Amino acid sequence: MTAPVLEVQRLKKHFPVTRGLALQRTIGWVRAVNDVSFSIRPGETLSLVGESGAGKTTVARAVLLLEEPSDGALLFHGKDVLRFNGSELKEYRSNVQAVFQDPWGSMNPRMRVKTIVAEPLAVNTKLSKTEIRDKVLDLMRQVGLRPDQADLYPHEFSGGQRQRIAVARALALNPQLVVLDEPVSALDVSIRAQIMNLLKDIQATYGLSYLLIAHNLATVRYMSHAVAIMYLGEIVEFAEGDELFEQPLHPYTKALLSAALAADPDSSTEEIVLSGEMPSPLNPPRGCHFHPRCPMAMDICREVAPPVTQATPKHTVSCHLYP
């Protein structure tokens, strides 16, 4: 089996809650991410799925080194990223790029597109101006934009076109891993499929790995080789391929799938309505964090955190229903 591009091992990110102005003191911790582990192999897409507040984006920000983990390890080709400095750190940042949800917010409206796409090349490489210009025009062709559009400003493009520009910028340094943070959720439905197909074509051409942050399950199923379901900072279910969609195990996963619009309107699916909202990560429930909302909660769920159970060779779940 191919060695992973990225391994996340027991990642934790806790934010302090402080009180006072002059003399601040910590009164608690928000456990945004708690003991999360996964790996991503070359040319594959791993999706993190869950409600807002589940910790998906915090994981992505830690991978991008925008947040410093409280504990755990990030291994890039087996090397601990958190020990990198100097040239190793610069190389890692070049190899791990991002495409965010809002392409408008991630671009300088006063810069022409050719400058936006060229910025990573100008900062991180020693290419000449001519080589950078040629590279930019080639990137624009790869993402389905015309070279003559390079002189335009971001506001002169549609939302889908701006996301193509964001993809071109992310590809400029030939990365090995791209973090996709809700890359199509801000786009019209008619444009989403085009961007997803573009991302899959680029992945097939260059062998890129993706870490996809999403809540739209149709997008997740179409894009993913593996899926991790997150709830209150923890992964509660993980499966490869379509196994998670065809044989969900955790009650939370079943609830998410039942809330999604079925591809076949005649199909009979179990409707699961969750009560209440996700608890605060500042004071998570004892035992299984999901038990206050779980329609199948047992006494043990209220007291004991469930272990990770290997349901099948490629499917794990954290739930007392599967001893």
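In which strand is Ala-73 found? In this predicted model, Ala-73 belongs to strand S4, which spans residues 71-76, and with a relative accessibility of 14% the residue counts as buried. When residues up to four places away in sequence are not counted, Ala-73 touches Glu-7, Val-8, Gln-9 and Leu-82. The C-alpha atom of Ala-73 is separated by 28 Å from that of Arg-221, a residue 148 positions apart from Ala-73 along the chain.

The nonpolar interior was examined next. The largest nonpolar core has 88 residues, and the members that touch the most others are Phe-38, Val-63, Tyr-92 and Leu-211. For Leu-211, once neighbours within four places in sequence are left aside, the contacts comprise Phe-38, Ile-40, Leu-46, Leu-48, Ala-60 and Val-63, together with the run Leu-177, Val-178, Val-179 and Leu-180. Two of these partners, Ala-60 and Val-63, are listed among the buried residues of helix H1, along with Lys-56, Thr-58, Val-59 and Ala-62. Helix H1, residues 56-63, is accordingly described as mostly covered, with six of its eight residues buried. Just after this helix, Leu-65 adopts a positive phi of about 65°.

Positive phi values also occur elsewhere in the chain. Most residues other than glycine have a negative phi. Asp-35, which is not a glycine, nevertheless has a positive phi of about 65°; this residue is placed in strand S2 and, at 32% relative accessibility, counts as partly exposed. Glu-182, likewise not a glycine, has a positive phi of about 50° and is located in the loop between strand S7 (177-181) and helix H6 (189-206), where its relative accessibility of 11% places it in the buried class.

A further buried position lies in helix H2. Ser-94 is found in this helix, which covers residues 87-95, and has a relative accessible area of 14%. Apart from neighbours within four places in sequence, Ser-94 is in contact with Asn-124, Leu-173 and Pro-175.

Open and enclosed spaces were then considered. The largest pocket holds about 650 Å³ of space. Its lining consists of 29 residues, and those nearest the centre of the pocket are Asp-35, Ile-235, Val-236, Val-308 and Ser-318. Two or more lining residues are given by each of strand S2 (25-40), strand S10 (234-240), strand S11 (308-312) and strand S12 (315-318). By class, this lining is made up of 13 nonpolar residues, 10 polar residues and six charged residues. Asp-35 thus appears both among the residues nearest the centre of the pocket and as a non-glycine residue with a positive phi.

Across the whole structure, the search finds two cavities of 30 Å³ or more. The largest cavity contains about 80 Å³ of space, and its lining is formed by His-250, Pro-251, Cys-288, Phe-290, His-291, Cys-294, Met-296, Cys-301, Cys-319, His-320 and Leu-321. In terms of class, eight of these lining residues are nonpolar and three are polar, while no charged residue is present. The second largest cavity has a volume of about 40 Å³, with a lining composed of Arg-31, Asn-34, Leu-232, Glu-234, Pro-281, Pro-284 and His-289. Here the classes are divided into three nonpolar, two polar and two charged residues.

The cysteines in the lining of the largest cavity, among them Cys-288, Cys-294 and Cys-301, raise the matter of covalent pairing. A disulfide is a covalent bond between the sulfur atoms of two cysteines. With a cut-off of 2.5 Å between sulfur atoms, the count of disulfides comes to zero. For Cys-294, which is in no disulfide, the nearest cysteine sulfur is that of Cys-301, at 6.3 Å; Cys-294 is itself buried, with a relative accessible area of 15%. Cys-301 is also in no disulfide, and the nearest cysteine sulfur to this residue is that of Cys-288, 5.8 Å away. Cys-301 has a relative accessibility of 8% and therefore counts as buried.

Technical notes: Residues are numbered from 1 along each chain as its sequence is written. This is a predicted model: local features need pLDDT of at least 70, side-chain atom pairs count only at pLDDT 80 or more; totals for chains, interfaces and linings use all residues. Side-chain values use heavy atoms; hydrogens and water are left out. On a 1 Å grid over the protein atoms alone, a cavity is a set of points where a 1.4 Å probe fits but cannot get out, and a pocket is an open set with protein on both sides within 12 Å along at least five of seven lines; lining residues have an atom within 4 Å of a point. Grid points are joined across faces, edges and corners, and a volume is the space filled by probe spheres set on the points. Helices (H or I, at least four residues) and strands (E, at least two) are DSSP runs, numbered from the N terminus. Ala, Val, Leu, Ile, Met, Phe, Trp, Tyr, Cys and Pro count as nonpolar, Asp, Glu, Lys and Arg as charged, and the others, Gly among them, as polar. A nonpolar core is a set of buried Ala, Val, Leu, Ile, Met, Phe, Trp, Tyr and Cys residues joined through side-chain atoms within 4.5 Å. Buried means under 20% relative accessible area, exposed over 50%, partly exposed in between (1.4 Å probe, protein chains only). Contact means heavy atoms within 4.5 Å.
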